[in-house]
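Welcome to this guided tour. Keep your viewer open, and select each stop as we reach it.

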Amino acid sequence: MKLSIKENASLAPFCSMKAGGNAKYICTPGSIRELKCLLSLMKEKNERFMVLGNASNTLFSDEGFDGAVIFTSKINGIISEGRTITAECGAPLNALSLQAAKNSLGGLEFAYGIPGTVGGGVFMNAGAFGGELCDCFHTALCFTPDLEEATLTKEEMRFSYRKSILSENGYILVNASFLLDEGDGKAVKSKMDAFMSMRREKQPLEYPSCGSTFKRPKGNFAGHLIEQCDLKGYSIGGASVSEKHAGFIINKGGAAANDIIKLIDFVSDTVFEKTGVKLEPEIKIVRQR
Ligand SMILES: Cc1cc2nc3c(=O)[nH]c(=O)nc-3n(C[C@H](O)[C@H](O)[C@H](O)COP(=O)(O)OP(=O)(O)OC[C@H]3O[C@@H](n4cnc5c(N)ncnc54)[C@H](O)[C@@H]3O)c2cc1C
């Protein structure tokens, strides 16, 4: 088996913010077998590692990461059986929703347009337009930290807002099954298209970003609070609060990751000073090398 491992390589091209320093190793396994092999290699060598999907919710500092970053996007098989669709960790959420529409199954329309993978989506309990992945999640096959296989049920995943047990137990998601509702394929697809149009209209998709920078605070919207504090368009270096949607911090061109992080901290501090609301980042920021 020939494993794809790049040494001391830039994370920026792999990350949706198009910023970030170098990783000691960047690995792009092409199968679950290769993923398992890499994980055991890293454990054996006592290397730190992180498993990522599309890094559409992850930002590394300019100092990078002193370990292996394993991107799963090449592990992306999807199979369907009746009302169940099972997708491997690196399958794009878009492909998963399209497969559901093709099979005339409803329940995943909201996920169309979220640029993450099944692994990152389940980890984050990704959601939009009133839906969340936990709504139709059935089971997940995972590797435990000892690389044993474990199947987790919906209850065992302990989903909450943008969170699952995977952020606590160190399990690596191998694949996930979703149980969907029988529907009308055309109606499912037109709902997906409507959601996509809303995204194009409201979100700054023309710039690299990690989507909504902050979690939705109780009873409010991060974007409203940021706008209220006159921060729309506020920039540090190439990092900017989007004029189109204040909830997004964008890379306007060549932004240093550390400027993006400084801007996230500045926005959070300013909103707290002016409104008393503490904004919590939704983005996973890897500050330490
Ligand atoms: C333009 C844009 C729009 C967005 N819109 C939305 C939205 O509407 N709703 C929403 O919820 N999010 C949204 N996001 C954020 C992001 O796409 C989601 O959080 C998505 O689920 C992240 O998936 P990913 O595969 O890119 O995760 P990554 O960023 O790669 O990883 C996120 C976390 O999951 C972990 N992880 C990834 N794969 C695995 C695995 N196989 N096993 C265990 N852990 C794993 C990582 O270690 C990391 O901690 C948006 C982002 C962008 C850029």
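How far is an oxygen atom of the ligand from a polar backbone atom of Ala55? Select both and check: the distance is 2.9 Å. Keep in mind as you look around that this is a predicted model.

**Stop 1: the ligand and its contacts**

Stay with the ligand and add Thr117 to your selection. A polar atom in the side chain of Thr117 is 2.6 Å from an oxygen atom of the ligand. Next, pick Leu173, where a backbone N or O atom lies 2.9 Å from a nitrogen atom of the ligand. How much of the ligand does the protein bury? On its own the ligand exposes 990 Å², and the protein buries 93% of that.

**Stop 2: the shell around the ligand**

Now show the residues around the ligand. There are 33 of them, and those that come nearest are Gly53, Ser56, Thr58, Thr117 and Gly127. Try colouring the shell by residue type: you should find 15 nonpolar, 15 polar and three charged residues.

Which elements supply at least two residues each to this shell? Select strand 3 (49-52), helix 3 (118-124), strand 9 (127-128), strand 13 (172-179) and strand 15 (209-212). Helix 3 gives the largest share, with five residues.

**Stop 3: the loop after strand 3**

Go back to Ala55, which sits in the loop between strand 3 and strand 4 (58-60). Is Ala55 buried or exposed? Its relative accessibility is 3%, so Ala55 counts as buried; the cut-off for buried is under 20%. Look at the backbone here too. Most residues other than glycine have a negative phi. Ala55 is not a glycine, yet its phi is positive, at about 50°.

In the loop between strand 3 and strand 4 you can also select Asn57. Asn57 counts as buried because its relative accessibility is 14%. Add Glu282 to the view: its backbone oxygen is 3.1 Å from a polar atom of the Asn57 side chain.

**Stop 4: another positive phi**

Move to Lys18, in the loop between strand 1 (5-10) and strand 2 (22-27). Lys18 is a residue other than glycine with a positive phi, near 55°. With a relative accessibility of 42%, Lys18 counts as partly exposed.

**Stop 5: the largest nonpolar core**

Select Leu108, Val118, Val122 and Phe178. These residues touch the most other members of the largest nonpolar core, which has 46 residues. Strand 13 provides the largest share of this core, five residues. Why does the core lie between domain 1 (5-71) and domain 2 (78-200)? The reason is that both domains give residues to the core, so it lies between them.

**Stop 6: two distances to try**

Finish with your viewer's distance tool. Start at Pro204, in the loop between helix 6 (185-202) and strand 15. At 2% relative accessibility, Pro204 counts as buried. Draw a line from its C-alpha atom to that of Asp66: the two residues are 138 apart along the chain, and their C-alpha atoms are separated by 32 Å.

For the last selection, choose Thr84 in strand 7 (residues 84-88). Thr84 has 24% relative accessibility, so it counts as partly exposed. How far apart in space are Thr84 and Val267? From C-alpha to C-alpha they are 42 Å apart, with their positions 183 residues apart in sequence.

Note on methods:
Residues are numbered from 1 along each chain as its sequence is written. This is a predicted model: local features need pLDDT of at least 70, side-chain atom pairs count only at pLDDT 80 or more; totals for chains, interfaces and linings use all residues. Side-chain values use heavy atoms; hydrogens and water are left out. A residue is near a molecule or strand if one of its heavy atoms lies within 4 Å of it. A polar contact is a pair of N or O atoms within 3.5 Å; within protein, one must be able to donate a hydrogen and the other to accept it, and residues adjacent in sequence count only if both atoms are side-chain atoms. Accessible areas come from the Shrake-Rupley method with a 1.4 Å probe; for residues, only the protein chains shown count as cover. Helices (H or I, at least four residues) and strands (E, at least two) are DSSP runs, numbered from the N terminus. Ala, Val, Leu, Ile, Met, Phe, Trp, Tyr, Cys and Pro count as nonpolar, Asp, Glu, Lys and Arg as charged, and the others, Gly among them, as polar. A nonpolar core is a set of buried Ala, Val, Leu, Ile, Met, Phe, Trp, Tyr and Cys residues joined through side-chain atoms within 4.5 Å. Buried means under 20% relative accessible area, exposed over 50%, partly exposed in between (1.4 Å probe, protein chains only). Domain bounds come from an automatic or database domain assignment.
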